[in-house]
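Colleague: I am new to this structure and would like a close look at a single part of it. Please take the loop that carries a patch of charge, and then place that loop in the rest of the chain.

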Amino acid sequence: MLREMLFERVGDLLPRVLAARFVAAQQAGRLNPDLDPRLLVVSLVRLTLFPAAAAPVWREMFDAHDVDALAVHEHNWRLLRDGLKLETTS
């Protein structure tokens with residue numbers, strides 16, 4: 001169902017446009033050049049659509065009924081902004 005919805009609502013143009021913009025950002029030095037722009041599009045879809053579609057399952061699994069859409073959004077933003085880097089203290 002998700003595949004059909006994506007092709008109906010988004011088509012294949014949007015992912016190609018996003019990937020092209022990521023390439024341009026890499027060339028301008030604004031985006032990590034080690035990232036594959038195509039996989040970055042996939043990662044963004046995975047971070048946005050999957051949590052919404054699977055919310056009833058993961059909320060029940062982790063007893064996370066207190067986690068709302070804003071909390072997921074903020075978590076994803078921190079993940080994209082900071083990745084999995086470790087903070088070190090000197």
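Modeller: What follows starts with the chain as a whole, goes on to the loop you asked for, and ends with other parts of the chain.

The model is predicted, and side-chain atom pairs count only at pLDDT 80 or more. The chain holds 5 helices and 0 strands. Read from the N terminus, its elements run α-α-α-α-α. Of the 90 residues in the chain, 18% are buried. The chain exposes about 7,700 Å², and carbon and sulfur atoms supply 62% of that area. Among contacts between residues at least 6 apart in sequence, 24% join residues at least 24 apart.

Now the loop. It lies between helix 4, residues 55-61, and helix 5, residues 69-82, and D63 is one of its residues. Is D63 buried or exposed? D63 has a relative accessible area of 59%, so it counts as exposed; the cut-off for that class is over 50%. The backbone of D63 deserves a note as well: its phi is near 50°, a positive value in a residue other than glycine.

D63 also belongs to the patch of charge. Which residues gather in this patch of negative charge on the surface? They are E60, D63, D66, D68 and E74. Asp and Glu count as negative, which means that each of these five residue names fits the sign of the patch. A residue enters a patch only with over 30% relative accessible area and no salt bridge. D63, at 59%, is therefore above that area cut-off.

F62 is in the loop between helix 4 and helix 5 too. Its relative accessibility is 60%, so F62 is classed as exposed. F62 takes part in a patch of another kind: together with V57 and M61 it makes a nonpolar surface patch of about 360 Å². The loop between helix 4 and helix 5 thus holds F62 from the nonpolar patch and D63 from the negative one.

The salt bridges come next. Side chains of opposite charge can pair when their charged atoms come close. How many salt bridges are there in the model? The count comes to 2. In one of them, D36 pairs with R38, and the closest N and O atoms are 2.6 Å apart. The rule asks for a side-chain nitrogen within 4 Å of a carboxyl oxygen, so a separation of 2.6 Å meets it. D36 is partly exposed because its relative accessible area is 25%, whereas R38 is exposed because its value is 59%. In the other salt bridge, the side chains of D82 and R81 meet at 2.8 Å, N to O. D82 counts as partly exposed, with 27% relative accessibility. R81 is partly exposed as well, at 47%.

D36 also helps to place another loop. D36 is found between helix 2 and helix 3, the latter being residues 37-53. Along the chain, D36 and V23 are 13 residues apart, and their C-alpha atoms are separated by 8.6 Å.

Q26 lies in helix 2, which covers residues 13-27. Why does Q26 count as buried? Its relative accessible area is 17%, and buried means under 20%, so Q26 falls in that class. Which residues is Q26 in contact with, leaving aside its neighbours within four places in sequence? The residues in contact with Q26 are L31, N32, P33, L35 and P37.

Last comes helix 5, where N76 lies. N76 is buried, since its relative accessible area is 11%. N76 and T48 are 28 residues apart along the chain, while their C-alpha atoms are separated by 8.1 Å.

To return to your loop: D63 is exposed, at 59%, and has a positive phi. D63 gathers with E60, D66, D68 and E74 in the patch of negative charge, and F62 makes the nonpolar patch with V57 and M61.

Notes
Residues numbered from 1 in each chain as written. Predicted model: local features only at pLDDT ≥ 70, side-chain atom pairs only at ≥ 80, totals over all residues. Heavy atoms only, no water. Patch = residues over 30% accessible without salt bridge, like charges linked within 9 Å, V, L, I, M, F, W, Y side chains within 5 Å. Areas by Shrake-Rupley, 256 points an atom, 1.4 Å probe, with all protein chains shown as cover. Charge placed at Lys NZ, Arg CZ, Asp CG, Glu CD. Helix = DSSP H or I, 4+ residues; strand = E, 2+ residues; numbered from the N terminus. Buried < 20%, exposed > 50% of the residue type's maximum accessible area, 1.4 Å probe, protein only. Contact = heavy atoms within 4.5 Å.
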